[in-house]
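User: I have a model open and would like to learn how to read it, feature by feature. Could you walk me through it?

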Amino acid sequence: MDIHNSPIVDLLYNTAIGLCEGHRDEFLMPEHLLEALLDIKQFRSTLYIYGADIKAMSDELARHIHEYEKVPADKVYQPETSVQFNQMVNHAYQQVAGSGATMIDLPHLVKGLLELEDCYATWLLKRELKGQEEDFLASLITEVEDPYDSVLDDDDEDSPWRQLVTCLNDIVDQKNPLIGREAELERTIQILCRKEKNNPLHVGEPGVGKTALVYGLTRRIMEDHVPERLRGSKVYQLELGTMLAGTQFRGDFERRVKQVMDGLQAEGKAIIYIDEIHNLVGAGAVGESSMDASNMLKPYLEQGDLRFIGSTTYEEYNKYFSRSKGLVRRFQQMDILEPSIEECINILKQLRPKYEEYHGVIYEDAALEYAVEASAKFISDRFLPDKAIDLIDEAGAAKESASTTAADSSLFTPHSTLIVTKADIADVLAKTCKIDATALKEDSNDQLETLAPRLLDQIYGQDEAIRQVVESVQMSKAGLLDDNKPLASLLFVGPTGVGKTEVARVLAKELGIQLVRFDMSEYTEKHTVAKLIGSPAGYVGYEDGGLLTDAIRKTPNCVLLLDEIEKAHTDIFNILLQVMDYARLTDNKGRKADFRNVILIMTSNAGAQYAGQANIGFNSQVSRGEAMLKQVKKTFKPEFINRLSGTVVFHDMDRQMATLILRKKLRELQAKLTARQVEMVLSDEAFELLLNEGFTKEYGAREMDRVIAQRLKPMLTREILFGSLKQGGSITITPEQLQ
């Protein structure tokens, strides 16, 4: 005897599986089925008659299911049916087989559930029925036998296929209006009015307004501002995820597609919108079968009575959609380009009333203009107008939230007007784009004005180097630099230990941004270049991405230090040419890293072997750094040197510079000692001893570090651990103690 499931039972199984997968539960349990049953209109209404507390049931069931062990989110899996679930289905099957019927229906499944032992779902249902199980089943049979009743707890007019689509006509008033895009909208209407191949395909980057264009079309149709052929049409959005959810058995997906398409054809004048249409290719295919969603829709695409609008991005069009030649042939491609800054400002000004009403704020014109211009400049991985709209939306939310907090603390005057200013937009931008350099984001330029003195307080004897660095940062704030280049591309040249790396470190600290450092001695071999931008497809490390591109995407506003650049392989210089010229670098996966907010600093010891010859000869005034600079011009290609915004020569260390450096390093050491309640006093003779031993032109400040580490620190260590400074105290250091 051939026993099959009723449509309601099929729907129940699919819903229960979808719920199980949504909860990430390993096994399909009777509790999942009861959760699905609570969404069936006949089951709910019958429960209500028998006095059940449906909300309490739903809440308790959700808490119980929440306690199940969950499958990790990154693991692909398919739920298995539990022993109790199989017992429940078997009970239902035995009832049907014993009665001579051929179809398992809703009452059979509920009776199978009620016959389970040691099952939470059974206990919960029996508790609510209070011994009325037989009467409840009889009422349920009567309720289900009405062929005109809706299955789902929803509007009686809804057909089952309507659960799988969204009518945009019903929700268009909740969406932002379409502003501009007149040419694109007219072209879309023109394609929809064709006799054949009347299916537009909107292709454009994410966030440029492809979906907004469809809502604009829907609003036009509802206002009757369309040709007669389109008047009275309804636009339905087809959700492929909803179509696929819970389809366990072969044929489930195909049945759903046919059900929706046949329903829409019967509806008449239907336009079907498929967002992310590239997902059609391969959707619902089983094994090696070529029967996927795109092939199932081809007959409906050909007929012309159903019109389709698709949208996708260029990347996904090329990767997936273009593979299906049949689909490409049936759609008319339209490019939806990113709007200009002027167009985007107009869009924001027309959207302003909706956001002002929602957040209870007022947006200044300058704030809207800044949102567009700043997002265009600083947010490189997204597109207008979406990224600008996000900025004003979050700024409004932040203002609204801040006013609530102020009101709670009695610092806020009720009914005062909340105004979103340019500064509020800048604060949001600083968080979302990590443009967090205090000196660059403040309206006041006080921080930037004092940047040079603050650097000079920490770096001694390199005034020219600091001047060039500070000027580059200040010119960027003033808007006098090329927007498509890094803030600065500087080459620091000089002997070891004179502060080249230290300038980069202190600059990052004073600007309040991160220092990203790469030691280029690790990139001497040709194959190591791939580490910076990622290995090519098929090679080891392809999935890891590039170290340099990933670092800049993570911290797009930073000081990028490439130490000892002359040791890098020559191929790296070709990469740097692109960075210095266009402030862009593309990794192995085609993702772009934006270097426009990067201060690029490269240090070089090239020609160090020639530095000693600098002062040979009578009255020679050539410094070691300048002698090295001549060698640098031989080491690096002209096109590399030509793209630098500055080449900075660091001076040799002299005695005055050494004195200042020694005092700075002693202050740093004293800061560590203070944490141990120790005060250190150096006699003049001890200071001179350290200075005389630490001052060498050949090794710069690093020799000073060695002298302190070998002379001073061992003596302090002994006293702190074993001597007079165990409990803290003061110590005066003499030359004898340093011997």
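User: Let me start with a loop. Where does P385 lie?

Analyst: Happy to help, and please keep in mind that this is a predicted model. P385 sits in the loop that links α18 (365-378) and α19 (386-408).

User: Which geometry does the peptide bond from L384 to P385 have, cis or trans?

Analyst: Look at omega for that one. The bond from L384 to P385 is cis, with omega near 0°.

User: Thanks. Before we go further, how do I take confidence into account?

Analyst: The general idea is that predicted coordinates should not be read in detail where pLDDT is low. Here the protein chain averages a pLDDT of 79, and 83% of the residues score at least 70. Residues 146-156 have a pLDDT below 50, and this stretch has 25 contacts in the model beyond near neighbours in sequence. Residues 436-440 are also below 50, with 18 contacts beyond near neighbours in sequence.

User: And what does the whole chain look like in numbers?

Analyst: The protein chain has 34 helices and 21 strands. Of its 739 residues, 47% count as buried. Its accessible surface comes to about 36,800 Å², and carbon and sulfur atoms hold 50% of that. As for contacts with a separation of 6 or more, 74% of them join residues 24 or more positions apart.

User: Now helices. How do I describe two that pack together?

Analyst: Two packed helices are described by the angle between their axes and the distance between the axes. Take helix α6 (residues 106-114) and helix α7 (residues 120-129): their angle is about 100°, and their axes are 8 Å apart. Angles of 65 to 115 degrees count as roughly perpendicular, so α6 and α7 are roughly perpendicular to each other.

User: Which residues make the contact of α6 and α7?

Analyst: On α6 they are V110, L113 and L114, and on α7 they are A121, T122, L125, K126 and L129. Sorted by class, this contact has six nonpolar residues, one polar and one charged.

User: What about α2 and α7, at what angle do they pack?

Analyst: That angle is about 40°, with the axes 8 Å apart, which makes α2 oblique to α7. From α2 the contact uses P30, E31 and L34, and from α7 it uses Y120, A121 and L124. Five of these residues are nonpolar, none is polar and one is charged.

User: How many residues of helix α2 are buried?

Analyst: Eight of the eight residues of helix α2 (residues 30-37) are buried, so α2 is largely enclosed by the rest of the structure. Among the buried residues of α2 are E31, H32 and E35, alongside L33, L34 and L37.

User: Let me try backbone angles. Which sign does phi of K130 have, positive or negative?

Analyst: Positive: phi of K130 is about 55°, although K130 is not a glycine. K130 is in the loop between α7 and α8 (133-144). With a relative accessible area of 57%, K130 is exposed. E564 also has a positive phi, near 55°, and is a residue other than glycine. You can find E564 in the loop between β15 (558-563) and α28 (570-582). E564 is partly exposed, its relative accessible area being 23%.

User: Last topic, contacts between residues far apart in sequence. What does Y236 show?

Analyst: Y236 lies in strand β7 (residues 234-238) and counts as buried, at 2% relative accessibility. From Y236 to R162 there are 74 residues in sequence and 9.4 Å in space, C-alpha to C-alpha. Leaving out residues up to four places away in sequence, the residues that Y236 touches include W161, R162, L264, E267 and Y273.

User: And what does I341 touch, beyond its neighbours within four places in sequence?

Analyst: I341 is in contact with V372, E373, A376 and L384. I341 belongs to helix α17 (residues 341-359) and is partly exposed, with a relative accessible area of 31%. I341 and E373 are 32 residues apart in sequence and 6.8 Å apart in space, C-alpha to C-alpha. L384 brings us back to where we began, since the peptide bond from L384 to P385 is the cis one we looked at.

Terms used:
Residues numbered from 1 in each chain as written. Predicted model: local features only at pLDDT ≥ 70, side-chain atom pairs only at ≥ 80, totals over all residues. Heavy atoms only, no water. Axes fitted to C-alpha atoms, helices over the stretch in contact; angles between N-to-C directions. Helix = DSSP H or I, 4+ residues; strand = E, 2+ residues; numbered from the N terminus. Parallel < 35°, antiparallel > 145°, perpendicular 65-115°, else oblique. Contact = heavy atoms within 4.5 Å. Nonpolar A, V, L, I, M, F, W, Y, C, P; charged D, E, K, R; others polar. pLDDT = per-residue confidence, 0-100. Buried < 20%, exposed > 50% of the residue type's maximum accessible area, 1.4 Å probe, protein only. Areas by Shrake-Rupley, 256 points an atom, 1.4 Å probe, with all protein chains shown as cover.
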